[in-house]
Amino acid sequence: MSLRQDKKVYPYLFNNEWKESTTGETVEIMSPDDGAVVGAVPAMSQDEVDQAVKSASDVQENWEATEGHERSELLHRWAEELEKMTDEIGEKIHLEVGKTLSAAKSEVKRTAQLIRHTAEEGLRTHGSFIQGDAFPGASKATKAMVQKVPHGVVLAISPFNYPVNLAASKIAPALITGNTVVFKPATQGAISGLLMVEALVKAGLPKGVLNVVTGRGSVIGDFVVTHPSIDMITFTGGTGTGQHIAKQASMIPVVLELGGKDPAIVLEDADLEKTAKEIVGGALSYSGQRCTAIKRVMVMNSVADELVAKIKDKVETLKVGKSSENADITPMIDQKSADFVVSLIDDAKEKGATVVTEGIRNENLLGATVLDNVTEDMELAWEEQFGPVIPIMRVENELEAIDLEKRNQYGLQASIFTKNFENAFTIADKLNVGTVQVNGKTSRGPDHFPFLGVKNSGQGVQGIGRSIDSMLRDKVLVLNL
Ligand code: NAP
Ligand code: G3P
């Protein structure tokens with residue numbers, strides 16, 4: 001049976017018109033499942049990217065002047081239109097990034113909820129009023145009105161693993177606060193991103209308020225990031241790319257959500273059955289291609305054998321196969337990513353790690369691998385594998401686990417498994433991460449909770465309310481009466 005090849009080019013949005021590039025060049029998007037062509041997007045020229053930014057800049061003042069409730073109503077309509085397209089967009093997410101169809105559709109539904117919540121939360125951004133007399137030498141006659149105003153044009157850059165959710169989590173807060181947007185979707189996931197924008201156009205997006213730029217980030221990225229009309233950047237993706245963007249972007253606010261090496265710290269009194277379930281789900285859902293995936297386990301020696309046995313039992317029940325077969329472990333986004341994961345496994349085995357289960361290797365489809373007795377000299381102890389591997393490090397006590405975390409370049413989330421909450425809080429205080437989960441796997445949601453990474457995991461805070469704050473700055477009006 002011949003492989004389906006959908007050669008359709010999905011045009012980019014410019015001033016509410018769907019356009020192909022004058023270069024005539026496109027970027028083809030292949031399905032991780034079987035390499036079939038899902039479609040293509042225009043490889044835009046610098047001139048076309050320039051026009052996209054300039055048009056968003058030209059209409060920004062008008063958009064900012066729009067009544068807040070009107071912007072909120074647009075977002076509510078967007079959520080409605082998005083939900084109507086759940087099947088169509090779910091299908092494309094499934095094909096483009098290799099998520100199962102049900103997971104892909106859940107992403108669309110989750111995103112509609114996120115947009116609705118933003119539409120409401122965004123109506124509650126208030127400034128403040130400050131009297132002068134609180135400061136010696138100043139009087140009541142000096143008063144400050146501190147307004148919250150938008151930055152202007154926001155560049156939103158999203159990763160492949162949540163092509164709709166991690167795009168809208170930037171676009172919705174930007175629009176509700178009066179910013180206009182230049183949206184750069186990940187190439188692997190760009191079609192899903194464009195369909196998400198189609199829903200926004202159907203909802204009544206005014207011309208130029210959001211323009212899309214498509215093409216490889218390695219080609220158009222630096223140009224758009226350093227464009228003088230970009231006033232703020234919100235990026236989610238790899239740490240290397242994020243650090244590069246932070247260096248390129250000068251004198252504008254930059255929010256970065258980057259990589260992670262989230263640990264699961266398992267204490268002696270943990271409920272090992274529940275812990276094993278949380279670790280397997282947290283480490284292997286979407287084949288570990290989540291920034292918040294559990295990426296190393298640090299278990300007290302005294303309970304390690306029992307925990308490893310439980311993890312092994314659970315991993316061996318997982319179905320490995322294509323996302324179109326609804327498998328639990330599905331093909332990775334591309335061969336390069338799979339090769340990187342394999343190199344980490346081989347390095348650990350060469351240095352003495354114990355193989356508990358070893359997954360199959362069929363091109364970019366890797367079965368789940370569990371390695372025990374992982375030690376500090378192994379790259380897998382420190383590198384973000386972003387793949388279906390569970391490295392288990394045995395530790396003598398909590399201090400050893402805390403010390404290992406101190407030397408972790410990443411600081412996104414951490415999980416602590418124990419029945420002793422006081423102990424959990426004590427350890428949590430010593431961990432330099434954005435979020436500590438107690439007796440639960442590391443994960444971003446629910447989407448109104450603050451979400452942040454520290455160290456090489458990011459800068460700035462996401463999560464609906466905080467994302468809205470990140471899209472605004474203070475503007476002070478001082479009355480000298
Ligand atoms: P990536 O390779 O860094 O790409 C992310 C985005 O940046 C894509 O849209 C990419 O475009 C674009 N890009 C690439 N080079 C650029 C440049 N020079 N200037 C501007 N944009 C550029 O990351 P990914 O592979 O999509 O995602 C996986 C990584 O993201 C993992 O490390 C994961 O931990 C991290 N992540 C973090 C979070 C979080 O919330 N902390 C969430 C999800 C993922 P192209 O697709 O065209 O290359
Ligand atoms: O990697 C995406 C990140 O944002 C994780 O989201 O909800 O899978 O924890 P979640």
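Let us start with the surroundings of ligand 1 in this predicted model. There are 31 residues around ligand 1, and those that come nearest are S158, T187, T241, L258 and E384. Two of these names, L258 and E384, will return in a moment.

Consider the polar contacts of ligand 1. E384 places a polar side-chain atom 2.6 Å from an oxygen atom of the ligand. L258 takes part through its backbone: an N or O atom there lies 2.7 Å from a nitrogen atom of ligand 1. G217 also uses a backbone N or O atom, which lies 2.8 Å from an oxygen atom of ligand 1. As for burial, ligand 1 taken alone exposes 900 Å², and the protein buries 85% of that.

The space that ligand 1 takes is the largest pocket. Which elements give two or more residues to the shell around it? They are α8, spanning 217–225, β10, spanning 232–236, and α9, spanning 239–248. Of the elements, α8 gives the most, with five residues. Sorted by class, the shell around ligand 1 holds 13 nonpolar, 13 polar and five charged residues. Both domains take part in this shell: domain 1 (12–258 + 459–480) and domain 2 (262–456) each supply at least three residues.

I turn now to ligand 2. Its surroundings can be listed in full: R110, N161, Y162, L166, R290, C291, T292, S443 and R444. By class, this shell divides into three nonpolar, three polar and three charged residues.

Which residues bring a polar side-chain atom to an oxygen atom of ligand 2? T292 does so at 2.7 Å, and N161 does so at 2.8 Å. C291 approaches through its backbone instead, with an N or O atom 2.8 Å from an oxygen atom of ligand 2. On its own, ligand 2 has 300 Å² of accessible area, and the protein covers 95% of that area.

The space taken by ligand 2 is the second largest pocket. Here again, domain 1 (12–258 + 459–480) and domain 2 (262–456) each contribute at least three residues to the shell.

Finally, I would draw attention to two details of the backbone. Most peptide bonds are trans, and most residues other than glycine have a negative phi. Against that background, the peptide bond from G445 to P446 is cis, with omega near -10°. P446 belongs to the loop between β21 (435–438) and β22 (451–452).

The second detail concerns N373. What is the sign of its phi, positive or negative? The phi of N373 is positive, at about 55°, although this residue is not a glycine. N373 is placed in the loop between β17 (369–372) and β18 (389–395).

To close, let me restate the two sites together. Ligand 1 takes the largest pocket, with the protein burying 85% of the area that the ligand exposes alone. Ligand 2 takes the second largest pocket, with 95% of its accessible area covered by the protein. Domain 1 and domain 2 each give at least three residues to the shell around ligand 1, and each give at least three to the shell around ligand 2.

Terms used: Residues numbered from 1 in each chain as written. Chains lettered and ligands numbered in written order. Predicted model: local features only at pLDDT ≥ 70, side-chain atom pairs only at ≥ 80, totals over all residues. Heavy atoms only, no water. Near = heavy atom within 4 Å. Polar contact = N/O pair within 3.5 Å; in protein donor to acceptor, adjacent residues only side chain to side chain. Areas by Shrake-Rupley, 256 points an atom, 1.4 Å probe, with all protein chains shown as cover. 1 Å grid on protein atoms, 1.4 Å probe; cavity = no way out; pocket = protein on both sides within 12 Å on 5 of 7 lines; lining within 4 Å. Sits in = over half its atoms within 2 Å of the grid points. Helix = DSSP H or I, 4+ residues; strand = E, 2+ residues; numbered from the N terminus. Nonpolar A, V, L, I, M, F, W, Y, C, P; charged D, E, K, R; others polar. Domains from an automatic or database assignment.
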